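Visitor: Could you take one part of this structure and walk me through it up close? I'm new to this and would love plain words.

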Amino acid sequence: MKNSLDSINLKHQEAINKANAEIENKKDEVKNSPYRLQYHFMAPTGWINDPNGLVQYKGEYQLFYQYYPYASSWGPMHWGHAKSKDLVHWEHLSVALAPSESYDSGDVQGYGCFSGSAVVDGEELVLIYTGHVDDKSPMQVQCIAASEDGVNFEKYSQNPVIDNFPSDGSKDFRDPKVWKHEERWYMVVGSKKDGKGKAVLYVSDDLRNWEYKGAAAESDGTQGDMWECPDLFPLGDLHVLIVSPMYGTKNEKTFYVIGDMDYDKGIFTQETCTTLDYGFDFYAPQTLVDDKGRRIMIGWMEKWLTKMPSQEHGWAGAMTIPRELVLEGNKIVKQKPVSELSELRSDYKKLEAFEVEETTTIHELQEQVSETIIDFNINETTASEFGIQLRCSEDGKEKTEILLDLTNKEIVMDREHSGCGEKGISKAPLVVKDGSVNLRIFMDTTSVEVFVNDGEQVITNRIFPDVNSNKFNIFAKDGKLSVNSMESWKLGSVWK
Ligand code: FRU
């Protein structure tokens, strides 16, 4: 057994060294990319997708992620790794996992260490991930790797710890999320059967031996035929299940379900189902609970099969800002940008109540990397459509519009004219609260995240405008818009 462990770690270490050397060689290319984000997490080079293994270990936040360091497109999956004291400034560490074994490596392109999670077990930091090999049967199995220094991970000699899919699943069986409840470990894994996405549940006392409990939840027929990256966790007095569905009809975007979890029966009862983020560039989020008791979520801020202009500069993919999840009235999960982000603020500007008819340029706001809070006074507004235009060019041809449509009760982000990235129109429900609507907008070089009414709805999109498109307009159509107040800060860069 010792021998097999040594050879596993040797092969793994070689693969990691090779990946780390690649990063060292290429990281300057990304530093010079004009699309580089200033305060969103990005890899040093190459491709990233899902956040993995979010956890706090020895007081520091750990962020692992699906990673291919050798190109700016998806390839055999590694786990990149970074840590942070404040969720804002991240230190890149050695690649944590690289494909190296028969259960996570192969001869054809489709293999790797797929998504998963991390837990702290005593002194150990344990990663639980899916070993994927396209042309193998079973194609996806669950594996673990552990570390005592939080940087170097050894794959378990008896991997896989779950070597086949259960009766309620099928060969698509991936993305284990593990958590502790009353001294036992629980794991949900995404799967599918008979056209329905499912989250199947396991239980264990030692993270190595897992007992199958059954399907904890499944699609109602509209929620997708394969569930990727399920995350099930307590929030307030209830539980929340987050799922990134494939081929959903009603919900093709990542959604959350509020419900009740019966741990004895292993069943999660669905009560309400809501889109988590109405933008195009939000997928496969993961949450952790920190030592302040906050449930924090980070998502992949890009999506499969979209145009990614940054690929020309050797990188693709980024993470959203960390968002604290708060249950509101047992019906809504609010997303609040973590308070630590205010460390980045400078250059405060405030405009008191004012009115707009037609389009007005706000000369005080020309920052590309900024946070803006606008409170619209709906009671005093006569226009039925109004909003803002950001990253506008001088000639007005380039712009990204956020439109509030009171007639159709929709908030619309239009990036048909946003530059060289993917186009498209995102829509979220618009709810007027006590006569006003509040928008909190985080802009980075190539991203916009809009938090509506304290995070009840969120829209996340990547945009790739020209570097000179900086104008910020407010507009009203067929009437007057009344604004209660507008505040704005420039946000600093987290890169040294
Ligand atoms: C979600 C996903 C996961 C999978 C990973 C592969 O974006 O498709 O289901 O584990 O990406 O990189």
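Guide: Let's get one word straight before we start: a strand, written E, is a DSSP run of at least two residues, and strands are numbered from the N terminus. Keep in mind, too, that you're looking at a predicted model.

Our close-up is the ligand and what's around it. The ligand sits in the largest pocket. Twelve names make up its surroundings: Asn49, Asp50, Gln66, Trp74, Met77, Phe114, Ser115, Arg174, Asp175, Glu228, Tyr283 and Trp304. Sorted by class, that shell has 5 nonpolar, 3 polar and 4 charged residues. Where do they come from in the chain? Strand E1 (46-57), strand E5 (111-121) and strand E9 (173-181) each chip in at least two residues of the shell.

Now zoom in on the ligand's oxygen atoms. Asparagine 49 places a polar side-chain atom 3.1 Å from an oxygen of the ligand. Tryptophan 74 also uses its side chain, with an N or O atom 3.1 Å from a ligand oxygen. Serine 115 uses its backbone instead: an N or O atom there is 3.2 Å from an oxygen atom of the ligand. As for cover, the ligand has 320 Å² of accessible area on its own, and the protein covers 95% of that.

From here, we can follow two of the strands that help build the shell. Just past E1, in the loop that leads to strand E2 (60-68), you'll find lysine 58. Lysine 58 counts as exposed because its relative accessible area, 55%, is over the 50% cut-off. If you jump from lysine 58 to serine 170, you pass 112 residues in sequence and cover 37 Å in space, C-alpha to C-alpha.

The other strand to follow is E9. The loop between strand E8 (154-155) and E9 holds proline 160. Asparagine 159 and proline 160 are joined by a cis peptide bond, with omega at about -5°. There's another cis bond to spot, between serine 137 and proline 138, where omega is about -5°. Proline 138 sits in the loop between strand E6 (124-133) and strand E7 (140-147).

Next, Tyr283 from the shell. Strand E17 (283-289) follows a loop that starts after strand E16 (267-275), and aspartate 281 is in that loop. Is aspartate 281 buried or exposed? Aspartate 281 is buried, because its relative accessible area of 2% is under the 20% cut-off. A polar atom of its side chain lies 2.7 Å from the backbone nitrogen of arginine 462.

Two more loops are worth a stop, for their phi angles. Leucine 207 has a positive phi of about 70°, although it isn't a glycine. You'll find leucine 207 between strand E11 (196-204) and strand E12 (211-218), and at 0% relative accessibility leucine 207 is buried. Asparagine 330 isn't a glycine either, and its phi is positive at about 55°. The loop that holds asparagine 330 runs between strand E20 (323-328) and strand E21 (332-337). At 45% relative accessibility, asparagine 330 is partly exposed.

Last stop: glutamate 410, in strand E27 (residues 410-414). Glutamate 410 is partly exposed, at 23% relative accessibility. Serine 426 is 16 residues away from glutamate 410 along the chain, and their C-alpha atoms are 9.8 Å apart.

Notes. Residues are numbered from 1 along each chain as its sequence is written. This is a predicted model: local features need pLDDT of at least 70, side-chain atom pairs count only at pLDDT 80 or more; totals for chains, interfaces and linings use all residues. Side-chain values use heavy atoms; hydrogens and water are left out. A residue is near a molecule or strand if one of its heavy atoms lies within 4 Å of it. A polar contact is a pair of N or O atoms within 3.5 Å; within protein, one must be able to donate a hydrogen and the other to accept it, and residues adjacent in sequence count only if both atoms are side-chain atoms. Accessible areas come from the Shrake-Rupley method with a 1.4 Å probe; for residues, only the protein chains shown count as cover. On a 1 Å grid over the protein atoms alone, a cavity is a set of points where a 1.4 Å probe fits but cannot get out, and a pocket is an open set with protein on both sides within 12 Å along at least five of seven lines; lining residues have an atom within 4 Å of a point. A molecule sits in a cavity or pocket if more than half of its atoms lie within 2 Å of its grid points. Helices (H or I, at least four residues) and strands (E, at least two) are DSSP runs, numbered from the N terminus. Ala, Val, Leu, Ile, Met, Phe, Trp, Tyr, Cys and Pro count as nonpolar, Asp, Glu, Lys and Arg as charged, and the others, Gly among them, as polar. Buried means under 20% relative accessible area, exposed over 50%, partly exposed in between (1.4 Å probe, protein chains only).
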